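Open the model in your viewer and keep the selection tool ready. Each stop below says what to select and what is there.

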Amino acid sequence: MTDLPVGPALPLGPAQRRAAELEEQLAQDPSRFRVLTGDRPTGALHLGHYFGTLHNRVRLQDLGVDVFVLIADYQALTDRDVAERLTEHVEGLLLDYLAIGIDPARTTVFNHSAVPALNQLLLPFLSLVSVAELGRNPTVKDEIAHSRQAAVSGLMYTYPVHQAADILFCKGNLVPVGQDQLPHLEITRTVARRFNERYGAVFPEPDALLSAAPLLLGTDGTKMSKSRNNSVTLGADADETARLIKGATTDAERHITYEPERRPGVAGLVLLAALCLGRAPHDVAAEIGNGGGAALKRTVTDAVNSTMAPIRARRADYAQDMAYVRSVLRAGNERANAIAEATLDEVREAMGTPR
């Protein structure tokens, strides 16, 4: 697995400074951390997911952190009327996780609908936040703006509180997030703090481990996304990858440079090659030079196919034994259920509710 290329140092804000401190602590004592992260089963994972989050999950697992990966099947309903092809998508996520190196012996993979006690935490947690606080959440506003539904569902509106239950059921104290997800995590911190103040200390206030992963653009020059049909999925074969990259958006300039603002399509392809090769984007662009778009696309195709070949091979192997793949989720659900039940017992005792 290649390391992500490091760009020039930029001034650090509070979240970045805290993330740097947390990385030092992770290196010194990874066992003190429990990480919660996950995905909605709404489509195939792609290279943007790999370099944005999946790569980091394996890194944290290999450091010795206790990692929980949630397949958020209930949250697949937040912006749609039905969860389409749900079983197919869940099993696709499991195949991708195993293929990239998620180890079920060290990482707990589970799904929402199989852990009732987790979801039961949503009710007391909702009593700790106001409607106005939920309405002000910028991530909820963005989700609503891009919703596929004619009306906003209550599930979407309460999404940040459900996410708080996801994190706090296992007493997660570290959550890898992008800058845009910080408001969601702040709701979780608020819920934990208010519960502890009202009922007694039960929950940690989780920290954000801010991701430094760059934004990968899709083949059309916009953000790589499941819903935009502009991505290279982890399950794509070498020929499909070549076809998708061949059709990617570039521009009329022959000389290849890395200028994300001025040449987003070209820069996105250069960055993808750089991530696969573990090199700086400017160096990759300089090496291609006057080779033009055709040379750029050949470089990207070769880099992606070389990087993904072992992952694809492992994915194909696991796909031959779906009984084992499903057993990974069953085992993860068993562990998540035991932890969720214990946490719910603590909550009931703290609140003085009968069992």
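Start with empty space: the largest cavity holds about 120 Å³. Of its 16 lining residues, Leu217, Gly218, Thr219, Leu269 and Leu272 are the closest to its centre. A cavity is a set of points on a 1 Å grid over the protein atoms alone, where a 1.4 Å probe fits but cannot get out; lining residues have an atom within 4 Å of a point. Points are joined across faces, edges and corners, and the volume is the space filled by probe spheres set on them.

This is a predicted model: local features need pLDDT of at least 70, side-chain atom pairs count only at pLDDT 80 or more, and totals for chains, interfaces and linings use all residues. Residues are numbered from 1 along each chain as its sequence is written, and side-chain values use heavy atoms, without hydrogens and water.

Which helix gives the largest share of the lining of the largest cavity? H12 does, with 4 residues.

Now select H12, residues 264-277. Helices are DSSP runs (H or I, at least four residues), numbered from the N terminus. H12 reaches 20 Å from its first C-alpha to its last.

Is H12 mostly covered or uncovered? It is mostly covered, with 12 of its 14 residues buried (under 20% relative accessible area, 1.4 Å probe, protein chains only). Among them are Leu269 and Leu272.

Next, show helices H2 (47-63), H11 (238-246), H13 (281-288) and H14 (292-319): the buried residues of H12 pack against them (contact is heavy atoms within 4.5 Å).

Finish at Gly278, which follows H12 and has a positive phi, near 70°.

Definitions and conventions
Helices (H or I, at least four residues) and strands (E, at least two) are DSSP runs, numbered from the N terminus. The expected span of a helix is 1.5 Å times one less than its number of residues. Buried means under 20% relative accessible area, exposed over 50%, partly exposed in between (1.4 Å probe, protein chains only). On a 1 Å grid over the protein atoms alone, a cavity is a set of points where a 1.4 Å probe fits but cannot get out, and a pocket is an open set with protein on both sides within 12 Å along at least five of seven lines; lining residues have an atom within 4 Å of a point.
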